[in-house]
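Grab a pencil and keep the 3D view open beside you. The exercises below go step by step, each with a worked solution.

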Amino acid sequence: MNDMDRHVQQTIDRLQCIKQHLSSPSGFQNAARELLEWCSDTRAFQRHFEGGLISCLTVVSQVAAQPGFDLDLGYRLLAVCAVHREKFTPKAAAMLSVWCEELGRLLLLRHQKNR
């Protein structure tokens, strides 16, 4: 295995670890922040990372609005990824759009309720 293959595999393994942490209220904040930082680099959106990234974002879309999680952070993470929508496969890009709309709507409702 060459250095690039090793790097890709390590990154995929790390994404799997992040995914596990995202699913618990105690791990969500740190995992989401790490993923947000990673996604601030356009190299995060290479094809060989898409499966791992989308599986993380799937978890974020499912749990962010639940009690004990962070809806704002979840939405910010999805929004940062949505900016790079053209780098995803059409199916992944479409799911990302739906998730952003859903969490954005929940944020708006929460904001209106708090006024």
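## Warm-up

UniProt, in an unreviewed entry, places the feature "domain: ZMIZ1 N-terminal" at residues 8–106. Keep in mind that you're looking at a predicted model.

## Exercise 1: The overall fold

Work out which secondary structure elements build the protein chain, and in what pattern they follow one another.

**Solution.** Start by counting: the protein chain has five helices and zero strands. Reading along the sequence then gives the pattern α-α-α-α-α. Now zoom in on the annotated stretch. Residues 8–106 are 76% helix and 0% strand, and the C-alpha atoms at the two ends are 35 Å apart.

## Exercise 2: Globule check

Check whether the radius of gyration of the protein chain agrees with that of a compact globule.

**Solution.** First, the expectation: for 115 residues, a compact globule would come out near 13 Å. Next, the model: the protein chain has 14 Å, so the two agree. For the outline, the C-alpha atoms fill a box of roughly 55 × 30 × 20 Å along the principal axes. Buried residues make up 39% of the 115 residues. Finally, take the contacts with a separation of 6 or more: 66% of them are between residues 24 or more positions apart.

## Exercise 3: Two helices, one ruler

Use the rise of 1.5 Å a residue to test the spans of α2 and α4.

**Solution.** The expected span is 1.5 Å times one less than the number of residues. For α2, with 14 residues, that predicts 20 Å, and the end C-alpha atoms are indeed 20 Å apart, so the two values agree. Helix α4 (residues 71–82) has twelve residues and should span 16 Å; its end C-alpha atoms are 16 Å apart, which agrees too.

## Exercise 4: What hides in α2 and α4?

List the buried residues of α2 and of α4, then find what packs against them.

**Solution.** In α2, the buried residues are G27, F28, A31, A32, L35 and L36. These pack against α1, α3 and α4. In α4, look for L71, L73, G74, L77, L78, C81 and A82. Their cover includes α2 (25–38), α3 (47–63) and α5 (90–114). Here's a handy rule for reading lists like these: an α-helix has 3.6 residues a turn, so residues three or four places apart point the same way. And don't miss the N-terminal end of α4, where D70 acts as a cap: one of its side-chain oxygens lies 3.1 Å from the backbone nitrogen of D72.

## Exercise 5: The nonpolar core

Find the residues that touch the most other members of the largest nonpolar core, and say which helix gives the most to this core.

**Solution.** The core has 36 residues, and L22, F28, L35, L57, C81 and F88 touch the most other members. Each of α1 (3–22), α2, α3, α4 and α5 supplies at least two residues. The top contributor is α3, with eight residues. Now click on L35: leaving aside neighbours within four places in sequence, L35 is in contact with L15, I18, L22, L53, C56, L57 and L77.

## Exercise 6: Buried, exposed or in between?

Sort V80, H84, S23 and D3 by relative accessibility, then look at what surrounds them.

**Solution.** Use the cut-offs: under 20% is buried, over 50% is exposed, and partly exposed is in between.

- V80, in helix α4, has 25%, so V80 counts as partly exposed. Beyond its neighbours within four places in sequence, V80 is in contact with L36 and C39. V80 and C39 are 41 residues apart along the chain, yet their C-alpha atoms are separated by 7.1 Å.
- H84, in the loop between α4 and α5, has 15%, so H84 is buried. Not counting residues up to four places away, H84 touches C39, T42 and F45.
- S23, in the loop between α1 and α2, has 42%, so S23 is partly exposed. A polar atom of its side chain lies 2.7 Å from the backbone oxygen of Q20. With residues up to four places away set aside, S23 touches V59 and F69.
- D3, in helix α1, has 60%, so D3 is exposed. The side chains of D3 and R6 are joined by a polar contact of 2.8 Å.

Methods. Residues numbered from 1 in each chain as written. Predicted model: local features only at pLDDT ≥ 70, side-chain atom pairs only at ≥ 80, totals over all residues. Heavy atoms only, no water. UniProt positions renumbered as here; feature names shortened; annotations may be inferred. Helix = DSSP H or I, 4+ residues; strand = E, 2+ residues; numbered from the N terminus. Buried < 20%, exposed > 50% of the residue type's maximum accessible area, 1.4 Å probe, protein only. Contact = heavy atoms within 4.5 Å. Polar contact = N/O pair within 3.5 Å; in protein donor to acceptor, adjacent residues only side chain to side chain. Core = buried A, V, L, I, M, F, W, Y, C linked by side-chain atoms within 4.5 Å. Rg over C-alpha atoms; globule rule 2.2 N^0.38 Å.
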